[in-house]
Amino acid sequence: MFDGLDFNKMNTMLQDMQNKAKELEDKSKGVILKTKSGGGLVSVSANGAGEIIDISIDDELLSDKESLQILLISAMNDVNKMVEDNKKSQAMGMFGGLNPFGMK
């Protein structure tokens with residue numbers, strides 16, 4: 001059943017993939033993704049690893065808690081989607097354009 005399989009070669013390939021994944025993870029921390037909501041009243045920045053690194057809120061929103069919450073949620077959701085799209089793009093590049101995850 002396993003005739004002809006070189007497990008040493010497979011192990012080396014898996015190790016190479018792990019190294020590439022770690023390299024991409026480290027590299028992604030240097031990518032900055034930024035989004036705005038409410039016409040720029042709220043902006044959120046995250047790195048490619050999904051860590052929020054900056055939030056900016058216009059002073060005029062400080063007296064309107066409900067609007068602030070809505071705009072902040074919107075910006076956070078947008079930046080999270082950008083992070084996920086960036087991760088998918090990097091994964092696709094790692095596999096040379098192959099699509100092992102069924103992503104579109």
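How many helices and how many strands does the protein chain have? Hello everyone, let's start there. There are 2 helices and 3 strands. Please keep in mind that what you see is a predicted model.

If you walk along the sequence, the elements come in the pattern α-β-β-β-α. The chain has 104 residues, and 20% of them are buried. As for the surface, the protein chain exposes about 7,600 Å², with 54% of that supplied by carbon and sulfur atoms. Now think about contacts between residues at least 6 apart in sequence: 44% of these join residues that are at least 24 apart.

Let's go inside. Which residues make up the largest nonpolar core? There are 10 in all: Leu 33, Val 42, Val 44, Ala 46, Leu 61, Leu 68, Leu 71, Ala 75, Val 79 and Val 83. Two elements each give at least two residues to this core, namely strand E2, residues 42–47, and helix H2, residues 65–94. The largest share, 5 residues, comes from H2. Here is some background for the first-years. In soluble globular proteins, nonpolar side chains tend to be buried together.

Let me pick one core member, Val 44, and look around it. Setting aside neighbours within four places in sequence, Val 44 is in contact with Leu 33, Lys 34, Thr 35, Ile 52, Asp 54, Ile 55, Leu 72, Ala 75, Met 76 and Val 79. Two of those partners deserve a visit of their own.

The first visit is to Thr 35. You will find Thr 35 in strand E1, which covers residues 32–37. Is Thr 35 buried or exposed? Its relative accessibility is 10%, and buried means under 20%, so Thr 35 counts as buried. Leaving out residues up to four places away in sequence, Thr 35 touches Val 42, Ser 43, Val 44, Ala 75, Asp 78, Val 79 and Met 82.

The next visit is to Ile 52, in strand E3, residues 52–57. With a relative accessible area of 36%, Ile 52 is partly exposed. Beyond its neighbours within four places in sequence, Ile 52 has contacts with Val 44, Ser 45, Ala 46, Met 76 and Val 79. You can also try a distance on screen: the C-alpha atoms of Ile 52 and Leu 33 are 9.5 Å apart, while the two residues are 19 apart in sequence.

Now, a stop at a loop. Where is Gly 40 found? Gly 40 sits in the loop between E1 and E2. At 35% relative accessibility, Gly 40 counts as partly exposed, because that value falls between the 20% limit for buried and the 50% limit for exposed. From the C-alpha of Gly 40 to the C-alpha of Leu 71 is 9.6 Å, and 31 residues separate the two along the chain.

On to the pockets. What volume does the largest pocket have? About 150 Å³. Its lining has 10 residues, and those nearest the centre are Ala 21, Leu 24, Glu 25, Lys 87 and Gln 90. Helix H1, residues 7–28, and H2 are the elements that give two or more residues to this lining. Sorted by class, the lining has 5 nonpolar, 3 polar and 2 charged residues.

Gln 90, one of the residues nearest the pocket's centre, lies in helix H2. Gln 90 is buried, because its relative accessible area is 18% and the limit for buried is under 20%. Apart from neighbours within four places in sequence, Gln 90 is in contact with Leu 24, Ser 28 and Val 31.

My last residue is Gly 93, which also lies in helix H2. Is Gly 93 buried or exposed? At 56% relative accessibility, Gly 93 counts as exposed, because the limit is over 50%. Gly 93 and Leu 24 are 69 residues apart in sequence, yet their C-alpha atoms are 9.9 Å apart in space.

So, to recap: we have seen a predicted model with 2 helices and 3 strands, a largest nonpolar core of 10 residues, and a largest pocket of about 150 Å³. Thanks for listening!

Note on methods: Residues are numbered from 1 along each chain as its sequence is written. This is a predicted model: local features need pLDDT of at least 70, side-chain atom pairs count only at pLDDT 80 or more; totals for chains, interfaces and linings use all residues. Side-chain values use heavy atoms; hydrogens and water are left out. A nonpolar core is a set of buried Ala, Val, Leu, Ile, Met, Phe, Trp, Tyr and Cys residues joined through side-chain atoms within 4.5 Å. Buried means under 20% relative accessible area, exposed over 50%, partly exposed in between (1.4 Å probe, protein chains only). Helices (H or I, at least four residues) and strands (E, at least two) are DSSP runs, numbered from the N terminus. Contact means heavy atoms within 4.5 Å. Accessible areas come from the Shrake-Rupley method with a 1.4 Å probe; for residues, only the protein chains shown count as cover. On a 1 Å grid over the protein atoms alone, a cavity is a set of points where a 1.4 Å probe fits but cannot get out, and a pocket is an open set with protein on both sides within 12 Å along at least five of seven lines; lining residues have an atom within 4 Å of a point. Grid points are joined across faces, edges and corners, and a volume is the space filled by probe spheres set on the points. Ala, Val, Leu, Ile, Met, Phe, Trp, Tyr, Cys and Pro count as nonpolar, Asp, Glu, Lys and Arg as charged, and the others, Gly among them, as polar.
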